[in-house]
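Here is a set of questions and answers for a first look. Keep the sequence and the structure in view as you read.

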Amino acid sequence: MYMLVNDIELEYKGNIKGLLLKLEYPLEKIAVLVNGELIKKEDWEEYYLKDEDYVEIVSLVGGG
């Protein structure tokens with residue numbers, strides 16, 4: 001199964017949380033959009049990615 005993750009083609013089959021762990025992202029500091037839709041953190045384990053999904057992983061930055 002192929003998908004685009006931040007504009008990079010990647011072969012992966014599984015859920016969002018597994019993808020993030022595979023790519024070694026810090027789970028507490030990111031947001032994930034799939035095909036333009038924000039996916040809540042509590043849904044990452046239940047949300048299984050499909051062929052040709054477009055995944056955006058965005059770092060959250062705080063400031064004032």
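Q: Which residue has its backbone nitrogen 2.7 Å from a polar atom of the side chain of asparagine 15?
A: The model is predicted. Asparagine 15 sits in the loop between β2 and α1 (16-22). Its side chain has a polar atom 2.7 Å from a backbone nitrogen, and that nitrogen belongs to glycine 18.

Q: Which residue offers the backbone oxygen that the side chain of asparagine 15 reaches at 2.9 Å?
A: Leave aside the neighbours within four places in sequence, and asparagine 15 is in contact with Trp44, Glu45, Tyr47, Tyr48 and Leu49. One of these provides the backbone oxygen at 2.9 Å: glutamate 45.

Q: Is asparagine 15 buried or exposed?
A: Buried means under 20% relative accessible area. Asparagine 15 has 13%, so this residue is buried.

Q: How far apart in space are glutamate 45 and isoleucine 16, C-alpha to C-alpha?
A: Glutamate 45 belongs to the loop between β4 and β5. In sequence, glutamate 45 and isoleucine 16 are 29 residues apart. In space, their C-alpha atoms are separated by 6.3 Å.

Q: Which residue forms a salt bridge with glutamate 45?
A: The whole structure has one salt bridge. Not counting residues up to four places away in sequence, glutamate 45 touches Asn15 and Lys17. The closest N and O atoms of the salt bridge are 3.5 Å apart, and the partner of glutamate 45 is lysine 17.

Q: How many residues apart are lysine 17 and glutamate 45, the pair that links distant parts of the chain?
A: The salt bridge joins lysine 17 to glutamate 45. Lysine 17 is in helix α1, while glutamate 45 is in the loop between β4 and β5 (54-59). Along the chain, the two are 28 residues apart.

Q: What is the relative accessible area of glutamate 45?
A: Partly exposed covers the range between under 20% and over 50%. Lysine 17 falls in that class, with 28%. Glutamate 45 is also partly exposed, and its value is 44%.

Q: Which side chain of opposite charge is nearest to aspartate 53?
A: Aspartate 53 lies in the loop between β4 and β5. This residue is buried yet has no salt bridge. A salt bridge needs the atoms within 4 Å. The nearest side chain of opposite charge is 4.1 Å away, and it belongs to lysine 50.

Q: Which backbone nitrogen does the side chain of aspartate 53 reach at 2.8 Å?
A: Aspartate 53 is in contact with Tyr2, Met3, Leu4, Val34 and Asn35, leaving aside neighbours within four places in sequence. Its side chain also reaches a backbone nitrogen at 2.8 Å, that of lysine 50.

Q: How many residues has the largest nonpolar core?
A: β1, α1, β3 and β5 each supply at least two residues of this core. Those with the most contacts inside it are Ile16, Leu20, Val32, Val34, Trp44, Leu49 and Val55. Valine 55 touches residues including Met3, Val5, Leu19, Val32 and Leu49. The number of residues in the core is 14.

Q: Which side chains of β1 point to one face and are buried?
A: In a regular strand the side chains alternate between the two faces of the sheet. Along β1, Tyr2 and Leu4 point to one face and are not buried. Pointing to the other face, and buried, are Met3 and Val5.

Q: What is the bridge partner of valine 5 in β2?
A: β1 and β2 pair in the antiparallel sense over four bridges. Methionine 3 has leucine 10 as its partner. For valine 5, the partner is isoleucine 8.

Q: Which residue in β5 does leucine 4 stand opposite?
A: β1 also pairs with β5, in the parallel sense, over two bridges. Leucine 4 is placed opposite tyrosine 54.

Q: What is phi of aspartate 7 near?
A: β1 and β2 form a hairpin with two residues between them, and asparagine 6 in the turn has a positive phi of about 50°. Aspartate 7 lies in the loop between β1 (2-5) and β2 (8-11). The value is positive, in a residue other than glycine: phi is near 70°.

Notes
Residues numbered from 1 in each chain as written. Predicted model: local features only at pLDDT ≥ 70, side-chain atom pairs only at ≥ 80, totals over all residues. Heavy atoms only, no water. Buried < 20%, exposed > 50% of the residue type's maximum accessible area, 1.4 Å probe, protein only. Polar contact = N/O pair within 3.5 Å; in protein donor to acceptor, adjacent residues only side chain to side chain. Contact = heavy atoms within 4.5 Å. Lys, Arg positive; Asp, Glu negative; His and termini not counted. Core = buried A, V, L, I, M, F, W, Y, C linked by side-chain atoms within 4.5 Å. Pairing = 2+ DSSP bridges.
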